[in-house]
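Biologist: I am new to this structure and should like to learn about it through a series of questions. Please show it before we begin.

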Amino acid sequence: MKKLTKGIAVSVAAVLSLGLGACSTSSGGGTTTPATSDTASSTTGNHLTVWTWDPTFNIYAMNEAAKIYQKDHPDFTLDVQEVSWDDIQTKMTTIAQSNQLDQLPDIFLVQNNAFQKNVTNYPQLFADYSQSGIDFSQYPQSVVNYSTVDGKNWGLPFDNGAVIAAYRTDVLQQAGYSLSDFTDITWSDFITKAKDVLAKTGKPLLSGQANSSDMIMMMLQSSGASLFDASGKPAIAGNQALISTIDVYKQMVQAGVYTEVNSWDEYVASFVNGDVAGTINGCWILGSIQSAKDQSGKWDLTDMPALDGVSGATHYSANGGSSWAISASSPNYALAADFLKSTFAGSTDFYDTILPSSGALANWIPAAQSSVYAQPQPFFNNDAIYTKIVDYASKVPSNNTSPYYYEARDAVSAAITQILGGTDETTALQQAQQTVEFAMQ
C-alpha cells in the first residue's frame with residue numbers, strides 16, 4: 001500500500017487499506033512484514049499454507065474462505081502468512097535459483113501484471129489449473145489472460161481492478177451537468193465538458209501522478225490495444241492507439257482539466273480535500289474516495305470515456321489486480337485446488353461476507369448476482385455501485401499481454417514526460433521502443 005501524507009494519514013489509512021493495498025499497481029501494494037516462517041511448505045493432509053499481503057484485504061479474505069470451507073471440511077486448517085508482494089517476488093527468485101522448492105507455500109498471491117513474467121522465468125514454481133475443475137469462463141477473459149501462458153491457466157483471479165470514473169455530482173450540478181452527461185461519452189466530449197466545469201467551478205475533474213502512464217495504460221486497454229503485438233514484440237513506435245491516448249492526455253493537461261501531482265499522496269489528497277472533483281482509476285480507489293466522510297452522498301460513478309476514432313474503443317478497462325498461484329512443489333495440489341474452487345471460484349456466500357468488511361470486489365462474475373452486491377450505497381447517491389462494477393469488469397477488452405509489461409510501462413512513462421516537455425512524439429516513442437527491446441534481449 002502506498003504511504004499517505006502525514007496530513008491525511010490518520011483520516012484515510014483505515015479505508016485505504018480496504019482496497020488500495022490489494023489492487024493498486026503501486027510497488028508492492030501491501031505491508032512489508034515478513035513471513036512468520038522461512039520454511040512455508042505444508043504437510044499433506046487437511047492443512048494448507050498461504051503467502052499474501054494486506055491483513056484487511058487479502059489475508060482477511062483468505063481466513064474467511066477457510067471458514068466457508070470448514071463448514072463441509074471441519075478438519076481443514078489454514079496458515080496464512082503475511083508477506084509483502086515485493087518479498088514474495090524476491091522469495092520466488094531466490095527459491096527458483098537455489099532450487100529449494102520446498103520453501104514455497106501451497107498457495108501464494110501474484111500481481112497480475114507480473115504473473116506471465118514469473119511463470120515464463122520460473123516455470124518450476126507454478127502448477128497449472130488444468131486438474132482443478134475450475135470454470136475460468138466465469139471470469140472476464142481480459143483478467144484470465146494475465147495468468148495464461150502457453151494456453152494454460154496458472155493463476156486464479158481474485159480482486160477486481162475494473163476501471164471506474166467517479167465524480168462529485170454536486171460539482172457537476174453546480175456547472176449544470178448530471179452524471180448521465182458523463183456516461184457513455186468520448187474523450188473529446190469529456191474534455192469539452194470538463195473545460196466548462198473548470199470555468200464555472202474552478203475545479204479540474206481529474207488528477208494523477210506526473211511521470212506515470214497509468215491513465216495512458218487504462219485508455220489503451222479500453223480499446224483492446226497494447227504496447228505489444230500478438231507475437232509479444234514491443235509495439236510502441238507508430239502505435240496509433242497509443243498516439244491517440246497521448247494526444248488526449250496532452251490536451252487534458254494543457255487545458256487544466258487534468259492536474260499532474262508529484263506523488264501518490266498528493267493524488268489521493270487532491271480529491272479527498274476537494275481540490276479535484278473526480279478520478280478515473282481501478283475500482284480499488286473507492287476506499288480512498290470514501291475516506292472523505294464529509295463528501296458522503298456527493299459522489300457517484302459511471303464508465304470511462306472511449307477513445308475517439310480508435311477501432312475497438314469501449315468504455316471499459318482495468319488497472320491492477322492479482323491472482324492466486326498453486327505451488328508446483330505442493331504435496332496438496334488437490335486440496336488447494338478444491339479449496340479455491342469451493343470458495344474464490346464457487347461461493348457467493350464467501351463474497352457476500354468479505355464485500356462489506358473489506359471492499360473486496362470479485363472478478364468471479366456470478367458474485368454480481370448476489371443481493372449484497374445489489375444493495376444501494378449511501379456514499380454514492382444510493383447507487384448499486386458493486387453490481388455496476390462487476391458488469392464493467394465483464395466488458396473489459398482483452399489485449400496482448402507480455403512478461404515485459406512493467407518495462408514497457410516505465411518506458412512509456414518516460415516518453416510521456418519527454419513529450420510534455422517538448423520532445424517530438426515520434427522520437428520519444430521510438431526511444432521507448434528501443435529501451436524495451438534492449439531489456440528483452
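Modeller: Two strands pair if DSSP finds at least two bridges between them; the strands (E, at least two residues) and helices (H or I, at least four residues) are DSSP runs, numbered from the N terminus. This is a predicted model, in which local features need pLDDT of at least 70, side-chain atom pairs count only at pLDDT 80 or more, and totals for chains, interfaces and linings use all residues. Residues are numbered from 1 along each chain as its sequence is written, and side-chain values use heavy atoms, with hydrogens and water left out.

Biologist: Over how many bridges do β1 and strand β3 pair?

Modeller: Strand β3 covers residues 107-111 and pairs with β1 in the parallel sense. Within this pairing, V50 has I107 of β3 as its bridge partner. The number of bridges between β1 and β3 is two.

Biologist: Which residue in β2 is the bridge partner of T52?

Modeller: Strand β2 (residues 77-82) runs parallel to β1 and is joined to β1 by six bridges. In β2, the partner of T52 is E82.

Biologist: Through which helix does the chain cross from β1 to β2?

Modeller: The β-α-β crossover from β1 to β2 is right-handed (with the strands pointing away from the viewer, the path from the first strand over the helix to the second runs clockwise). The helix on this path covers residues 55-70 and is α2.

Biologist: How many of the six residues of strand β1 are buried?

Modeller: A residue is buried under 20% relative accessible area, exposed over 50% and partly exposed in between, with a 1.4 Å probe and protein chains only. Strand β1 (residues 47-52) is largely enclosed by the rest of the structure, because the number of its buried residues is five.

Biologist: How many residues of helix α4 are buried?

Modeller: Helix α4 spans residues 112-121 and is mostly covered. Its buried residues include N112, F115 and V119. Out of 10 residues, the number buried is seven.

Biologist: At what angle do the planes of the F115 and F126 rings stand?

Modeller: Rings of Phe, Tyr and Trp (its six-membered ring) pair if their centres lie within 6.5 Å; planes under 30 degrees apart count as stacked, over 60 as edge-to-face and the rest as tilted. The whole structure holds 28 aromatic pairs. The centres of F115 and F126 are 5.6 Å apart, and the pair is tilted because the planes stand at 50°.

Biologist: How many residues apart in sequence are the parts that F115 and F126 tie together?

Modeller: F115 is buried at 0% relative accessibility, and F126 is buried with a relative accessible area of 3%. F115 belongs to helix α4 and F126 to strand β4 (residues 126-127), so the separation in residues is 11.

Biologist: What kind of pair do W187 and F190 form?

Modeller: Both residues lie in helix α7 (residues 187-201), three residues apart, about one turn of the helix. Their ring centres are 5.3 Å apart and their planes stand at 75°, so the pair is edge-to-face.

Biologist: Which residue has its charged end over the ring of F182?

Modeller: A charge sits over a ring if NZ of Lys or CZ of Arg is within 6 Å of the ring centre and within 35 degrees of the ring normal. One such case is K91, over the face of W51 at 5.3 Å from the ring centre. Over F182, at 5.8 Å from the ring centre, sits the charged end of K193.

Biologist: In what order do the three strands of the open sheet stand?

Modeller: The pairing in this sheet is antiparallel. The edge strands, each pairing on one side only, are β11 (278-282) and β12 (299-302). The order is β11-β8-β12.

Biologist: What angle does helix α14 make with β12?

Modeller: Strand β8 (residues 163-168) pairs with β12 over four bridges, and A165 stands opposite T302 in β12. Helix α14 (residues 385-394) packs on the sheet and touches β8 and β12, contact meaning heavy atoms within 4.5 Å. Axes are lines fitted to C-alpha atoms, for helices over the stretch in contact, and angles run from 0 to 180 degrees between N-to-C directions. The direction of α14 makes with that of β12 an angle of about 25°.
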